[in-house]
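Let's take a walk through this structure together, one stop at a time. Keep the picture open beside you as you read.

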Amino acid sequence: MKVCVKPTNGKVEMIDVPIPEPGPGEVIVKTTMATVCGSDMHFLDEFPNEMLGALFAGSVLPEGLPMGHEGVGTVHAIGEGVTRFKEGDRIMASCLVGCGRCRECMTVDHSVCTGGGRVIFGCQAEYYRVPFADVNAAVVPDAVSDEMAILATDILSTGFGAIERAEAGFGASVAVLAQGPVGLCATAGARARGCGLIIAVDAVPERLEMSKKFGANVVINAKEEDPVVKIMSLTNGQGVDVAVEAVGTQATFEACTRAIRRGGTVSSVGVYGLTPQLSMPTFTAPSFLHRKIVTTLCPSGTVRMENLLGLIENARIDLHPLFTHRMTLDDMPKAYDLFRSKAEGVLKIAITP
Ligand SMILES: [Zn+2]
Ligand SMILES: [Zn+2]
């Protein structure tokens, strides 16, 4: 089968390897759709394979790191002990898989598993492996497209999670700083959750246009005006209830801390990669009294996936406009170049075998 691997930082290539065999608790999925994510760019450009091999035992092949953690497809083979799926089922799994048995899986979320959970690697392939399938995968209802199901594996769960974790209530004011795919999902999540004023910030005009479609009341082009100044003027100088950091940079994190009101919440879902540290601004002394910061990786596991699929199906959440490009697996190197460049208004690329 074909799989996209990273032999070394900054480079991907397609290679042929045998179709994987399922181990205990695993299913092998025949891919119908994969996609590229911002996190893939961190794995590709920042983290050396040796580091990833040490962090995620068994995940790196001799040829390189199998790329991609967002996938949907049909069950091809079932490992010993799997009871909830059968061959041919159309399924998806959270991009982070948890064991379902450790204290963290049982009390917090599968995304913080300490019992062998990890990122799924290798979805950008004709077949991929889902570990701990019974507690991380879900059958996709017929009414939910591959596109929507694949968003639920990661960015929809993360973006909506940013709003939930901040406990944004009916009518709450929310600013989402950066309108990449995760930020756009946070914008849509704020609208779905019943928030009031929703402010979307980015520097790419196509992304701001998309924000309006997804429910933003006001968009701010950060190239044209200072987002914090504008947010303050839109909220009578008070700041918003919730500011979502959705890109993973010092500048946006800091802007979020300055954009919330007293008692407000910074909800951080951007991936800071190898950024060594984040600092807080001090010029608005006392800078951060009576405010809070919450962080969310990507709420994961079967129940979360089933809930999101139910939300998509029944609340008619439609994020199809996020798919700006369509390619096949053979185009993976091109897909990465495009995604890195942010050219052509690219948001999500639907990749089929
Ligand atoms: Zn992702
Ligand atoms: Zn666990």
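A good place to begin is with two residues in the interior: His 69 is buried, and Asp 154 is buried too. Keep in mind along the way that this is a predicted model.

So what holds the zinc ion (ligand 1)? Its protein donors are Cys 37 through SG, His 69 through NE2, Glu 70 through OE and Asp 154 through OD, and they lie 1.8 to 2.2 Å from the metal. Look at where two of these donors come from: His 69 belongs to the loop between strand S4 (65–66) and strand S5 (71–78), while Asp 154 sits in the loop between helix H5 (146–152) and helix H6 (155–165). These two are 85 residues apart, and the pair links distant parts of the chain. Written out along the sequence, the donor residues have the spacing C-x31-H-E-x83-D. The site is tetrahedral, with angles of 93 to 125° among the four donor atoms. For reference, the ideal angle for four tetrahedral donors is 109.5 degrees.

Now turn to a cysteine that touches some of the same residues. Cys 123 is found in the loop between strand S8 (118–119) and strand S9 (127–130). Is Cys 123 buried or exposed? Its relative accessible area is 1%, so Cys 123 counts as buried. Setting aside neighbours within four places in sequence, Cys 123 is in contact with several residues, including His 69 and Glu 70, both of which are donors of the zinc ion (ligand 1). Other contacts of Cys 123 include Thr 31, Ala 34, Met 67 and Tyr 128. Cys 123 and Met 33 make a nice example of folding bringing sequence positions together: they are 90 residues apart in sequence, yet 8.6 Å apart in space, C-alpha to C-alpha.

There is another metal to visit. The zinc ion (ligand 2) is coordinated by the SG atoms of Cys 99, Cys 102, Cys 105 and Cys 113, at 2.3 to 2.4 Å. Along the chain, these donors follow the spacing C-x2-C-x2-C-x7-C. The site of the zinc ion (ligand 2) is tetrahedral, and the angles among its four donor atoms run from 103 to 121°. Cys 99 counts as buried because its relative accessibility is 13%, and Cys 102 counts as buried because its own value is 10%.

Next, follow the chain into helix H6. How many of its eleven residues are buried? Nine are, so to speak, tucked under cover, and H6 is mostly covered. Among the buried ones are Ile 155, Leu 156, Phe 160, Gly 161 and Ile 163. Just after H6, Glu 167 takes a positive phi of about 55°. Gly 161 also turns up among the contacts of Thr 296, together with Arg 165, Ser 268 and Val 269, leaving aside neighbours within four places in sequence. Thr 296 itself has its place in the loop between strand S16 (292–295) and helix H11 (302–314). With a relative accessible area of 8%, Thr 296 is buried.

Helix H6 also takes part in a charged pairing. Side chains of opposite charge can pair when their charged atoms come close. Glu 164 forms a salt bridge with Arg 304, and the closest N and O atoms are 2.9 Å apart. This pair links distant parts of the chain, with Glu 164 in helix H6 and Arg 304 in helix H11, 140 residues apart. Which partner is buried? Arg 304 is, at a relative accessible area of 15%, whereas Glu 164 counts as partly exposed at 33%.

The structure holds 13 salt bridges, so here are a couple more to find. The side chains of Arg 261 and Asp 241 meet in one, at 2.2 Å from N to O. Arg 261 is in strand S15 (residues 260–268) and Asp 241 in strand S14 (residues 240–245), 20 residues apart. Salt bridges that share partners also join Asp 45, Asp 337 and Arg 340 into one network.

Finish on the outside. Met 51, Leu 55 and Leu 274 make a nonpolar surface patch of about 280 Å². Leu 55 lies in helix H2 (residues 49–55), and it counts as exposed because its relative accessibility is 56%.

Definitions and conventions
Residues numbered from 1 in each chain as written. Chains lettered and ligands numbered in written order. Predicted model: local features only at pLDDT ≥ 70, side-chain atom pairs only at ≥ 80, totals over all residues. Heavy atoms only, no water. Donors = N, O, S within 2.8 Å, 3.2 Å for Na, K, Ca; no water. Tetrahedral: all angles 85-135°; square planar, octahedral: opposite > 155°, others 65-115°. Helix = DSSP H or I, 4+ residues; strand = E, 2+ residues; numbered from the N terminus. Buried < 20%, exposed > 50% of the residue type's maximum accessible area, 1.4 Å probe, protein only. Contact = heavy atoms within 4.5 Å. Patch = residues over 30% accessible without salt bridge, like charges linked within 9 Å, V, L, I, M, F, W, Y side chains within 5 Å. Areas by Shrake-Rupley, 256 points an atom, 1.4 Å probe, with all protein chains shown as cover. Salt bridge = Lys/Arg side-chain N within 4 Å of Asp/Glu carboxyl O.
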